[in-house]
Every structure is written in C-alpha cells, then in structure tokens.
Amino acid sequence: MSTETSKPTSAQTGKSAGTETGAPVSLDRTALTRTFHALHHRDAPLLLPNAWDAASAAALAAAGFAAIGTTSLGVAAALGEPDGQGSALVRDATLALARRLGSRLACPYTVDIEGGFGGGPEEVGELARELSGAGASGINLEDGLPGRAGDGPLVPAGQQAELIRAVKASAPGLYVNARIDTHWLVADPAARPLDETLRRAETYLAAGADGIFVPGIADERAIATLVAAVPAPLNILYAPGRLRLAHLADLGVRRVSTGSLLFRSALHAAVGLAESVRADKPGQDVAGVPGYGEVQRLAVPE
C-alpha cells in the first residue's frame, strides 16, 4: 500500500491564490473537517506530522502534508513549561496557536489538548467548542493523569468517557482521537495490558470517539489484534527504526503520528549546527535551511 502524503485539492480546501505564503485565508472549515474525517478511511494511513508553532505548521503544510497536528510537548517546552500537567499557560498557548493555524492553514489540523488541561467535562467541552470555532478539525485527548511519573495511573475509563461525551456535545464535528496510555506508561512489555486497551477503546468509542490512539505499541501482533478488534481508525505513534510506514499500512493502521519527534529533532539540529559554527567547520550543515524571507512568507501574514 502507498503511504505517500496526499495534499487536499483546492476543491476540498477552498484554497485561494496566495495561501502558501502564510497569509490569512478564508476557508470552509466545515468542509476541511469532513476531509479530515475521510483521510482516516483511505487504504493508505494518514501520516500526521506534529507542529509546535505557526511557522513549523506552515512549513509542513507547504511540504504537502494532507493534515497537520500539534504536539503538546513542543508547545509546552517552547514556553518553558512541563508537558502533561494541565498547565493553564499551556492551555492558553494551545488555544492561541489553534486560532493562528485556523487563519493560516489551507489544510485540516488537529490539536493535542493533553488530558483536557485538568478540566472536567464542562471545561473540556468549552475548550472543544473554542477549538472548533477557531477552525480545528480534531483533537487528541489522552487518559493519562496529569503529573504522572513512571508507570503512573490512568484516568478511570468512565471518567474519560464523560470528557469525550462533553466534547461531542459541544463540538459534534470534531474528530476525537482518544489516546489510551496503557502501553505508553508501562515499561515492561510483558505487563502491557492489551485487554485493558481494548476495554477502554470500547468505552471511548461508545462515548463518541472517532478514532483510537495507542502510543508506545510497536509489536506487530498486538497492532494487528487492535486493528481487528477496534471498529474505528487506529492511530500509532511513529517509532524510528521500528515498523516502517508501508508495514503499518499492511497491518491496517489508519493514522501514524510523529508526536514530539519533529520538535525534538529540530532542537537537536539547532544545537548541532551551533556547535559546528563554534568549531568553525565547513558550512555544509546549512544546506537546505530556509532563508529569512522564506520563513517570513510561510509564517507571517502579509
């Protein structure tokens, strides 16, 4: 199966001339949300790169990816805040980023909202309404408790289902990608409870979730079991050096996210380049780096 990126057509996006520059765009976000849902039901999985700010999102969109996600780690770390702890500052920055993307991207985008930033059903439902109003096509909602450490606890499945129902009541069109952290939090592969993952998937789908995300799972037999048992698109976190995209496609995975990988890679590249300058090495490391003007055109409205 092919796993190439698929850029939405102008008919799908309502894209007008000049939107590749990062200028504000006028789009039918409802149509883009329908497109986003449809991208999870193709033969090839949706490869979803995760951005951390307007510039990275615009660059990925200009590269032709069909949809863009955000990474909560990238958004939080850029603020000097911890990820996954329900920070009000990160919540506000996430919403502000979603509003920027809604005026700049001519493709669908989905927003990582951690576990709802510590809010209950009313607060998470209101956040979903605001994100939908900003133009987001989906959200990623996790069931790991804020402040967890090691193999810390998960939110009770019934409590998480209440959050999902609140999102769907407030923003019915949003694609809710329900993240199940059973495999993410447990270090011992033999202790990873696939049965609990399946129970939670059933509960979350009954509450209205559109897809299931199980980060940390890389065993192909376990992936195949989930694909066969879960009647919704399965999202896997890309793990470098493990299963290739083509193999994930053959297993039936319908969405592959990069998570915080791109943000962490950008930090690594920046430090590496700074070190090469300090060492007065040849400038070969800057090959392909976008120029000042190019970044301006991508990220800053005209």
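Let me start with one contact: Lys 168 and Asp 210 form a salt bridge through their side chains, with 2.7 Å from N to O. The two residues belong to distant parts of the chain, 42 residues apart: Lys 168 sits in helix 7, residues 157–170, and Asp 210 in the loop between helix 9 (194–206) and strand 7. Lys 168 has a relative accessibility of 16%, and because the limit for buried is under 20%, Lys 168 counts as buried. Before I go on, please keep in mind that this is a predicted model.

How many salt bridges does the count come to? The count is 11. I will take two more of them.

One joins Glu 142 to Arg 179, at 3.2 Å from N to O. Glu 142 is in strand 5 and Arg 179 in strand 6, and this pair again links distant parts of the chain, with the two positions 37 residues apart. Is Glu 142 buried or exposed? Glu 142 is buried, at a relative accessible area of 3%. Arg 179 is also buried, with a value of 10%.

The other is between Glu 130 and Arg 99, where the N to O distance is 3.4 Å. Here the link runs from helix 6 (residues 121–134), which holds Glu 130, to helix 5 (residues 88–104), which holds Arg 99, and the residues are 31 apart. Arg 99 is partly exposed, at 46% relative accessibility. This contact belongs to a network of salt bridges that links Arg 91, Asp 92, Arg 99 and Glu 130.

Now strand 6, the strand that holds Arg 179. Five of its five residues are buried, so by the under 20% limit the strand is mostly covered. Which residues point which way from strand 6? Tyr 175, Asn 177 and Arg 179 point to one side, Val 176 and Ala 178 to the other, and all of them are buried. As general background, side chains in a regular strand alternate between the two faces of the sheet.

What are the neighbours of strand 6? Strand 5, residues 138–142, pairs with strand 6 in the parallel sense, over five bridges. In that pairing, Gly 138 stands opposite Tyr 175. Strand 7, residues 211–213, also runs parallel to strand 6, and three bridges join the two. There the bridge partner of Asn 177 is Gly 211.

Next, the aromatic contacts. Searching the whole structure gives two aromatic pairs. Phe 36 and Tyr 175 make an edge-to-face pair, with 5.6 Å centre to centre and 80 degrees between the planes. The pair connects distant parts of the chain, from Phe 36 in helix 2 (residues 29–39) to Tyr 175 in strand 6 (residues 175–179), 139 residues apart. Phe 36 has 0% relative accessibility and counts as buried. Tyr 175 is buried too, at 2%.

The other pair is Trp 52 with Phe 263: the ring centres are 5.4 Å apart and the planes are at 65 degrees, so this pair is edge-to-face. Trp 52 lies in the loop between strand 2 (50–51) and helix 3 (54–62), and Phe 263 lies in helix 12 (residues 261–278), 211 residues apart. Phe 263 is buried, with a relative accessible area of 8%.

That leaves the pockets. The largest has a volume of about 510 Å³. Its lining consists of 32 residues, and those nearest the centre are Asp 112, Arg 179, Trp 184, Gly 259 and Ser 260. Elements giving two or more residues to this lining include strand 4 (109–112), strand 5 and helix 12. Strand 4 has the largest share, three residues. By class, the lining of the largest pocket holds 11 nonpolar, 14 polar and seven charged residues.

The second largest pocket has about 320 Å³ of space. Its lining has 13 residues, with Trp 52, Ala 55, Ser 56, Ala 59 and Pro 290 nearest the centre. Which element gives the most to the lining of the second largest pocket? Helix 3 does, with four residues. Helix 12 and helix 13 (292–299) are among the elements that supply at least two each. In this lining nine residues are nonpolar, two polar and two charged.

To close, two residues come up twice. Arg 179 bridges to Glu 142 and is among the residues nearest the centre of the largest pocket. Trp 52 pairs with Phe 263 and is among those nearest the centre of the second largest pocket.

How values were computed. Residues numbered from 1 in each chain as written. Predicted model: local features only at pLDDT ≥ 70, side-chain atom pairs only at ≥ 80, totals over all residues. Heavy atoms only, no water. Phe/Tyr/Trp six-rings, centres within 6.5 Å; stacked < 30°, edge-to-face > 60°. Buried < 20%, exposed > 50% of the residue type's maximum accessible area, 1.4 Å probe, protein only. Pairing = 2+ DSSP bridges. Salt bridge = Lys/Arg side-chain N within 4 Å of Asp/Glu carboxyl O. 1 Å grid on protein atoms, 1.4 Å probe; cavity = no way out; pocket = protein on both sides within 12 Å on 5 of 7 lines; lining within 4 Å. Points joined across faces, edges and corners; volume = space filled by probe spheres on them. Nonpolar A, V, L, I, M, F, W, Y, C, P; charged D, E, K, R; others polar.
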